[in-house]
Amino acid sequence: MTAVEPLVVRLAAPLTRAQVPQLCEHLRGQLELTGAAEVIVDTHALHQAGQADFAVIDALARLRLTARRAGAGTRIRDPGPALLRLLQLTGLAETLGVVEHRGREPDPDRT
Amino acid sequence: MAGSSDLSGAAGTRGDLDLRMEKHRTELTGYCYRMLGSGFEAEDAVQDTFVRAWRAYDKFEGRSSLRSWLYRIATNVCLDMLNAGNKRARPMDLTDQAHQATAVLNERSEITWLEPVPDGRVLPSSADPAETAVARETVRLAFVAALQHLPAKQRAVLILREVLAWKASEVAELLDTSVASVNSALQRARATLADTGGVRETETIDPLDDDQQKLLDRYVAAFEGYDMETLTSLLHEDAIMSMPPFDLWLVGHEDIVNWHLVQGAKCRDGKLIATVANGTPAFGQYHLNEDGSYSPWALQVIEITDGKISGLNAFLDTKRWFPLFGLPEKLEAGA
């Protein structure tokens, strides 16, 4: 197995649904090119801009779908509390929600 | 397509935008109420939706109908508000059943509670009685509470399919399931929202239903006469009584009657004025003052199941509810 670096997709704010197809197209090309098995979707900028709406959900879900089609997994990096809540509310937390926080200890065992 | 007459509504000028948005106000308020559980917040949300629509009108370009565009904006507005953390509930969602003899009144901040709403604010008037019935159906307290309790997968399917307009096949692929399973989840979600699914099936108000009218007349007579025997005969054995903003709720004849006789003794010799809340029969309840006049006590929302009362919901914040429902602040002596 060759270790391929995960691809990082940075979502910039403001994100609109119109940008989503292009994001996916770009990701598809990158996955093909690199053969990466993992995609990290960095939502830090959205959190800073206070954006957590349906455009973000649409983007996360579409990117997830694109990655899956190429056999890759996805992780969401640095989602803010508003986005986490929205993921819960829309029932997509489990599907989209492998989450990592940079520079922080992983959560201690929470039951 | 350009120039076709049914697109003129979508691609009209900004000048008459206010007017065209106004036509959708009531149905949008109903939509937001179903998501937010508060009539006041729903009206704020619609206002915000109109402001956002006005600002973004340049980008609208009439690619969809104005109506569906407004719905999309309203959904985002509501989700933003929900993100702020105001998910609403009924007392029955939050605490265990209490008993009259040992009941403790714990008041919780009003923001917690699912609020009653007058039909006129959320139900567009429709010439079609069947359509009116369906619309009423979906603003019942039980319905709105259920929306907030759909299992995650059903909520996800509902939102991807109906809000984001994904294809069933795409949803299936994302959720790692079959198209059939997506369709059935959507059906179940709609069924839960439309009715049962652990939610009591309660009747919506129907002025043409003689039995319902008789039941309500008997309830008014029993309550105003404080006739506990008759009242008992109108209640299901497992009827529930709640009284937000207090978090306690009682179940069954004995506890409900004793509550009326002990804690609620001040309600004796009161008056009820009929109204409609959440598509359901409701009453402005007044209590008797020493000078013979009457003052507001509670907005009662009455849930009926199979011809008997299954839920008595007394919303006690009368300063908030009576003006909203157009109920008088005071009834004169002899009223």
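# Exercises on a predicted two-chain model

In this predicted model, residues 103-111 of chain A have a pLDDT under 50, and the model gives them 0 contacts beyond four places in sequence. Where pLDDT is low, predicted coordinates should not be read in detail. Keep this in mind as you work.

## Exercise 1. Confidence

Compile the confidence values for chain A, chain B and the complex.

**Solution.**
- Step 1. Take chain A. Its mean pLDDT is 82, and 85% of its residues score at least 70.
- Step 2. Take chain B. The mean is 81, with 80% of residues scoring at least 70.
- Step 3. Look at the elements of chain B. Helix α8 (residues 141-147) has the lowest mean pLDDT, 59. Helix α13 (residues 228-234) has the highest, 96.
- Step 4. Check the start of chain B. Residues 1-11 have a pLDDT below 50. This stretch still has 9 contacts in the model beyond near neighbours in sequence.
- Step 5. Add the scores for the complex. The predictor gives an ipTM of 0.77 and a pTM of 0.59.

## Exercise 2. The sheet of chain A

Work out the strand order of the sheet, then find what packs on it.

**Solution.**
- Step 1. Set the order. The open sheet has 4 strands, β1-β2-β3-β4, with parallel pairing.
- Step 2. Find the edges. β1 (7-10) and β4 (99-100) of chain A each pair on one side only.
- Step 3. Recall how strands join. Pairing goes through backbone hydrogen bonds, either parallel or antiparallel.
- Step 4. Pair β2(A) with β3 (residues 73-77). The two are parallel over 5 bridges. V39(A) stands opposite T74(A), and E38(A) stands opposite G73(A).
- Step 5. Pair β3(A) with β4(A). They run parallel and are joined by 2 bridges. Here I76(A) stands opposite V99(A).
- Step 6. Split β3(A) into faces. T74(A) and I76(A) form the covered face. G73(A), R75(A) and R77(A) form the uncovered one.
- Step 7. Add the helices. α1(A) lies across β1 and β2, at about 165 degrees to β1(A). Helix α3 (residues 54-69) of chain A packs on the sheet too, touching β1, β2 and β3. Its direction makes about 150 degrees with that of β3(A).

## Exercise 3. One alanine

Is A36(A) buried or exposed? Place this residue and list its contacts.

**Solution.**
- Step 1. Locate A36(A). It sits in the loop between α1 (20-34) and β2 (38-42) of chain A.
- Step 2. Count neighbours. A36(A) has 21 C-beta neighbours inside 10 Å. The cut-off for buried is 20 or more, so A36(A) is buried.
- Step 3. Skip residues within four places in sequence. A36(A) is then in contact with V4(A), E5(A), P6(A), L7(A), L31(A) and A72(A).
- Step 4. Try a long-range pair. G71(A) is 35 residues away along the chain, yet the two C-alpha atoms are separated by 9.0 Å.

## Exercise 4. Nonpolar cores

Where does the largest nonpolar core lie, and which residues have the most contacts inside it?

**Solution.**
- Step 1. Start from the general trend. In soluble globular proteins, nonpolar side chains tend to be buried together.
- Step 2. Size the core. It has 58 residues. Those with the most contacts inside it are C32(B), A45(B), L70(B), A74(B), M241(B) and L299(B).
- Step 3. Place this core. Domain 1 (5-83) and domain 3 (210-324) of chain B both give residues to it, so it lies between them.
- Step 4. Zoom in on A74(B). Beyond four places in sequence, A74(B) is in contact with L28(B), Y31(B), C32(B), A45(B), V46(B) and T49(B).
- Step 5. Look elsewhere. Apart from this core lies another, of 38 residues, including V41(A), L60(A), L63(A) and L83(A).

Key. Residues are numbered from 1 along each chain as its sequence is written. Chains are lettered from A and ligands numbered from 1 in the order in which they are written. A residue is buried if 20 or more other C-beta atoms lie within 10 Å of its own, exposed if 12 or fewer, and partly exposed in between; C-beta atoms are placed from the backbone. Two residues are in contact if their C-beta atoms, placed from the backbone, lie within 7 Å. pLDDT is the predictor's confidence in each residue, from 0 to 100. Two strands pair if DSSP finds at least two bridges between them. Axes are lines fitted to C-alpha atoms, for helices over the stretch in contact, and angles run from 0 to 180 degrees between N-to-C directions. A nonpolar core is a set of buried Ala, Val, Leu, Ile, Met, Phe, Trp, Tyr and Cys residues joined through C-beta atoms within 7 Å. Domain bounds come from an automatic or database domain assignment.
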